[in-house]
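Here is a walk through one protein model, written for someone who has not met it before. Have a look at the picture first, then read on.

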Amino acid sequence: MKTEQRLTVVPARYPARTLGAIVALFILAGVIDSVAFNPRWEWGVFARWFFDPVILSGLGQTLLLTLFGTFFSLIFGGLLALARLSSSWLLSSLAFGYIWLFRSLPLIVVLIILYNFSYLYDTLSFGVPFTTLSWGHFQTINVLGQFPAAVIGLTLVQSAYSAEIIRGGFLGVDHGQFEAASALGLSSSRRTFRIILPQALRAIIPTAFNEVISLAKGTAMVYVLAMPELFYTIQMIYNRTQQVIPLLMVGAAWYLIITTVLSLLQHSVERWLARSVSREPQPSRWRQRRNRVATDAANEELSHVRSH
């Protein structure tokens, strides 16, 4: 009578990985201890200013700049991307020239030029070029204030990057999709927005959110316009109180919160778009890890049986 042999699955051990994790935790604990218990960080000052109404007002300006800059740059960048992909050499060349120019200029230079635009042009008028026909004149100094100049400057620079991101997403779609949509007799607009764009979004979204996060931090550059956004407000306070480090930590914490929220939003959008690829529910990370461990154990047991 054949006896049944019971197999014991022994999990693999990784001593180097364990040692590395212990060292990393030790270093992290040392950093946390040095930051949390060093009185020169002045965490009491940090707590006092974190929810101060002046700080929250500057934070609101930063969020508005991020919102308007993102909205207008995506719209204008999308139009630039379509012009860049156009078969018209004139539209493609103009779009390329715009993208080349505003990707070359630093944001701070664009902001300063816009803020001093009234020095170059006293009035702005709407009418037919090269004729006397006009529908209105506006004083430049009244139109381009701090907030409009900041929004326009952020939009001009960011739209150049958004255009290349969107163009890259369109180029990443298989050319057969274009041919299939054309064979169905769809118009150019329906072909672009109903067939190509939904597929391109999966490549556009991650990079686009990176640009939005960069834009949220880049709003700190509008301090050159003396606009009371978050960073400029913090500067004004620590110039008066000389409490530089704790107030900078207030700004860093708020920027960290903004980027964390945007990262979570990016993750949610990517999972929502992934439904078009697979109709099956996405397993959680814990379930994925459990399935991977079970698969590894089964493979080890199978190899052990084969060896005997």
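## A first look around

The accessible surface of the protein chain adds up to about 20800 Å², and carbon and sulfur atoms own 64% of it. Keep in mind that this is a predicted model. The protein chain has 308 residues, and 30% of them are buried. As for secondary structure, you'll find 13 helices and 2 strands in the protein chain. How much of the contact network joins residues at least 24 apart? Taking contacts in the protein chain between residues at least 6 apart in sequence, 71% do so.

## Nonpolar cores

Now for the inside. In soluble globular proteins, nonpolar side chains tend to be buried together. Here, the largest nonpolar core has 23 residues, and Leu65, Phe102 and Val222 are the ones with the most contacts inside it. Helices α3, α4 (89-104), α5 (107-115) and α8 each put at least two residues into this core. The largest share, 8 residues, is supplied by α8.

Phe102 is a handy place to zoom in. Setting aside residues up to four places away in sequence, Phe102 touches Val110, Leu156, Val157 and Ala160. There is also a second, separate core, made of 21 residues, and Trp49, Ile234, Tyr238 and Leu247 are among them.

## Empty space: a pocket and a cavity

Rolling a probe the size of a water molecule over the atoms shows where empty space is left. Let's start with the open kind. The largest pocket has a volume of about 550 Å³. Its lining has 27 residues, and those closest to the centre of the pocket are Thr70, Leu74, Ile205, Ala208 and Val212. Helices α3, α8, α10 and α12 each give two or more residues to that lining.

The closed kind comes next. How many cavities of 30 Å³ or more are there? The count is 1. About 70 Å³ of space lies in the largest cavity, and the elements giving two or more residues to its lining are α3 (53-84), α8 (146-171) and α10 (188-218). Residues lining the largest cavity include Thr70, Ser73, Gln158, Ile165, Ala208 and Glu211. Thr70 thus turns up in the lining of the largest cavity as well as among the residues closest to the centre of the largest pocket. The same goes for Leu74, Ala208 and Val212, which line the largest cavity and are named among those closest to the pocket's centre.

Here are the two linings, put next to each other:

| Space | Volume | Largest share of lining | Lining by class |
|---|---|---|---|
| Largest pocket | about 550 Å³ | α3, 10 residues | 23 nonpolar, 4 polar, no charged residues |
| Largest cavity | about 70 Å³ | α10, 5 residues | 7 nonpolar, 4 polar, 1 charged residues |

## Two buried residues on helix α12

Helix α12 covers residues 244-273, and Thr259 lies in it. Is Thr259 buried or exposed? Thr259 counts as buried because its relative accessibility is 15%, and buried means under 20%. Apart from its neighbours within four places in sequence, Thr259 is in contact with Ile213 and Lys217.

Gln266 also sits in helix α12. With 13% relative accessibility, Gln266 counts as buried too. Which residues does Gln266 contact, leaving aside its neighbours within four places in sequence? Those are Pro206 and Phe209.

## Two loop residues with positive phi

Finally, a couple of backbone details. Glu42 has a phi near 55°, a positive value in a residue other than glycine. You can find Glu42 in the loop between α1 (15-36) and α2 (43-50). Glu42 is partly exposed, since its relative accessible area is 32%.

Gln242 has a positive phi as well, near 65°, and it is again a residue other than glycine. Gln242 has its place in the loop between α11 (230-241) and α12. Is Gln242 buried or exposed? Gln242 is exposed, because its relative accessible area comes to 59%, and exposed means over 50%.

Technical notes
Residues numbered from 1 in each chain as written. Predicted model: local features only at pLDDT ≥ 70, side-chain atom pairs only at ≥ 80, totals over all residues. Heavy atoms only, no water. Buried < 20%, exposed > 50% of the residue type's maximum accessible area, 1.4 Å probe, protein only. Contact = heavy atoms within 4.5 Å. Areas by Shrake-Rupley, 256 points an atom, 1.4 Å probe, with all protein chains shown as cover. 1 Å grid on protein atoms, 1.4 Å probe; cavity = no way out; pocket = protein on both sides within 12 Å on 5 of 7 lines; lining within 4 Å. Points joined across faces, edges and corners; volume = space filled by probe spheres on them. Nonpolar A, V, L, I, M, F, W, Y, C, P; charged D, E, K, R; others polar. Core = buried A, V, L, I, M, F, W, Y, C linked by side-chain atoms within 4.5 Å.
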